[in-house]
Amino acid sequence: MTLLSHDRYCDEIAHQVGQLRALVASGADLSVTVPTCPDWSIEQLVRHTGGALRWVELMVRTRAQEEVPEEQVPLGEGPEDAGELDAWLAETGELLVAALREAGPDAGVWSWAGVPTSGFWARRMAHELTVHRADATLAAGRPYEVAPEIAADAIDEWLQIVEFVQRTEPDDEARELRGPGRSIHLHATDAGAELNAEWLIGFTEDVIDWRRGHGKATVALRGPLTAVMLAFYRRLPLDSPELEVLGERELLDFWLERASFG
């Protein structure tokens with residue numbers, strides 16, 4: 001598993017913000033409730049996502065060495081006028097990308113996941129946008145697409161975060177998954193061999209570990225890469241026609257319930 005470049009993550013942030021802006025400007029009903037984030041409408045989801053980007057921009061720009069309270073972020077909740085939302089979102093994306101590019105991947109910046117660098121935040125915000133744009137797009141009834149390397153890296157990042165949580169939060173719910181002889185295989189059926197878009201997640205008494213690659217497992221989730229990514233982030237039901245579950249589905253359901261993220 002190899003991380004994408006810092007510039008690639010910055011490019012993706014700019015692209016995803018542009019896609020989210022296009023949805024806002026498309027005439028979609030922004031008052032619609034987002035099924036995968038049921039406390040929010042599409043408009044509230046967009047404001048939340050933009051606020052997260054502004055929070056990270058402030059931390060990266062100031063090289064913050066501790067968490068900055070969200071209430072200290074200028075315009076962190078967006079403009080009061082919904083009609084100004086697109087311009088606010090555009091400015092938000094430009095500010096964050098500029099701050100990340102200026103910082104480069106190795107600048108020291110506080111983070112919550114044991115990787116205190118600006119590079120961590122470039123990757124995290126690329127995938128924050130990838131997943132929340134899916135929330136908004138699917139809620140609006142529009143088709144959703146994402147670059148294969150971004151979808152694959154989103155799965156990698158989630159699994160790395162699960163590993164981090166295991167090390168730092170011994171009472172995390174994912175501990176209930178530990179035990180020998182169980183495993184999950186994710187298999188993207190439409191990705192080229194060069195992407196190696198398969199994952200094997202294994203369980204032991206002590207840890208949950210994973211690697212890219214093929215292998216027999218207790219349960220397998222197969223389908224197009226974007227669909228597998230969305231299902232793994234609980235954005236697409238396992239019963240969706242483009243997906244196939246082989247083996248003990250109960251284990252996969254248990255994983256999605258206990259190790260959810262994003």
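# Talking through the fold

Colleague: Let's begin at Glu57: leaving out residues up to four places away in sequence, which residues does Glu57 touch?
Modeller: Keep in mind that this is a predicted model. A touch here is a contact, with heavy atoms within 4.5 Å. Skipping residues up to four places away in sequence, Glu57 touches Leu95, Leu96 and Ala99.

Colleague: And is Glu57 buried or exposed?
Modeller: Glu57 sits in helix 2. Its relative accessible area is 8%, and the cut-off for buried is under 20%. So Glu57 counts as buried.

Colleague: Arg47 is in helix 2 too; is Arg47 buried or exposed?
Modeller: We can use the cut-off again: buried means under 20% relative accessible area. Arg47 comes in at 14%. That makes Arg47 buried.

Colleague: What does Arg47 touch, if we ignore residues up to four places away in sequence?
Modeller: Leu85 and Trp88 are among the residues touched by Arg47. The rest of the list for Arg47 is Gly76, Glu77, Gly78, Pro79, Glu80, Asp81 and Ala82.

Colleague: How far apart in space are Arg47 and Ala151?
Modeller: In sequence, Arg47 and Ala151 are 104 residues apart. In space, going from C-alpha to C-alpha, the distance between Arg47 and Ala151 is 23 Å.

Colleague: Now for Ile13 and Leu129: what is their C-alpha to C-alpha distance?
Modeller: Ile13 belongs to helix 1, residues 6-25, and is buried because its relative accessible area is 0%. Not counting residues up to four places away, Ile13 touches Leu129, along with others including Leu96, Val97 and Met125. Ile13 and Leu129 are 116 residues apart in sequence, yet from C-alpha to C-alpha they are separated by 7.0 Å.

Colleague: Stepping back to the whole chain, what share of contacts between residues at least 6 apart joins residues at least 24 apart?
Modeller: Start with the ingredients: the protein chain has seven helices and seven strands. Their order along the sequence is α-β-β-α-α-α-α-β-β-β-β-α-β-α. Of the contacts between residues at least 6 apart in sequence, the share joining residues at least 24 apart is 67%.

Colleague: What is the radius of gyration of the protein chain?
Modeller: The C-alpha trace spans about 55 × 40 × 35 Å along its principal axes. A compact globule of 262 residues would have a radius of gyration near 18 Å. The value for the protein chain agrees with that, at 19 Å.

Colleague: What percentage of the residues counts as buried?
Modeller: The accessible surface of the chain is about 12100 Å², with 49% of that belonging to carbon and sulfur atoms. As for the 262 residues themselves, the buried part is 53%.

Colleague: How far apart are the mean positions of the positive and negative charges?
Modeller: The protein chain has 23 positive and 46 negative charges. Take the mean position of each set, and the two points are separated by 4 Å.

Colleague: On to the rings: how do Phe120 and Trp121 pair up?
Modeller: The whole structure holds ten aromatic pairs. In the pair of Phe120 and Trp121, the centres are 4.9 Å apart and the planes meet at 80 degrees. Planes over 60 degrees apart get a particular label, so this pair is edge-to-face.

Colleague: Is Trp121 buried or exposed?
Modeller: Its partner Phe120 has 11% relative accessibility and counts as buried. Trp121 has 1%, so Trp121 is also buried.

Colleague: What kind of pair do Trp158 and Tyr233 make?
Modeller: Trp158 is in helix 5, while Tyr233 is in the loop between helix 6 and strand 7, 75 residues apart. Trp158 and Tyr233 are both buried. Their ring centres are 5.1 Å apart with the planes at 40 degrees, so the pair is tilted.

Colleague: Which residues join Phe120 and Trp121 in one aromatic cluster?
Modeller: This cluster takes in Phe120 and Trp121. The other members are Trp55, Trp110 and Trp112.

Colleague: What is the phi of Arg234?
Modeller: Most residues other than glycine have a negative phi. Arg63, in the loop between helix 2 and helix 3, has a positive one near 55 degrees. Arg234, in the loop between helix 6 and strand 7, is not a glycine either, and its phi is positive, about 60 degrees.

Technical notes:
Residues numbered from 1 in each chain as written. Predicted model: local features only at pLDDT ≥ 70, side-chain atom pairs only at ≥ 80, totals over all residues. Heavy atoms only, no water. Helix = DSSP H or I, 4+ residues; strand = E, 2+ residues; numbered from the N terminus. Rg over C-alpha atoms; globule rule 2.2 N^0.38 Å. Buried < 20%, exposed > 50% of the residue type's maximum accessible area, 1.4 Å probe, protein only. Areas by Shrake-Rupley, 256 points an atom, 1.4 Å probe, with all protein chains shown as cover. Lys, Arg positive; Asp, Glu negative; His and termini not counted. Charge placed at Lys NZ, Arg CZ, Asp CG, Glu CD. Phe/Tyr/Trp six-rings, centres within 6.5 Å; stacked < 30°, edge-to-face > 60°.
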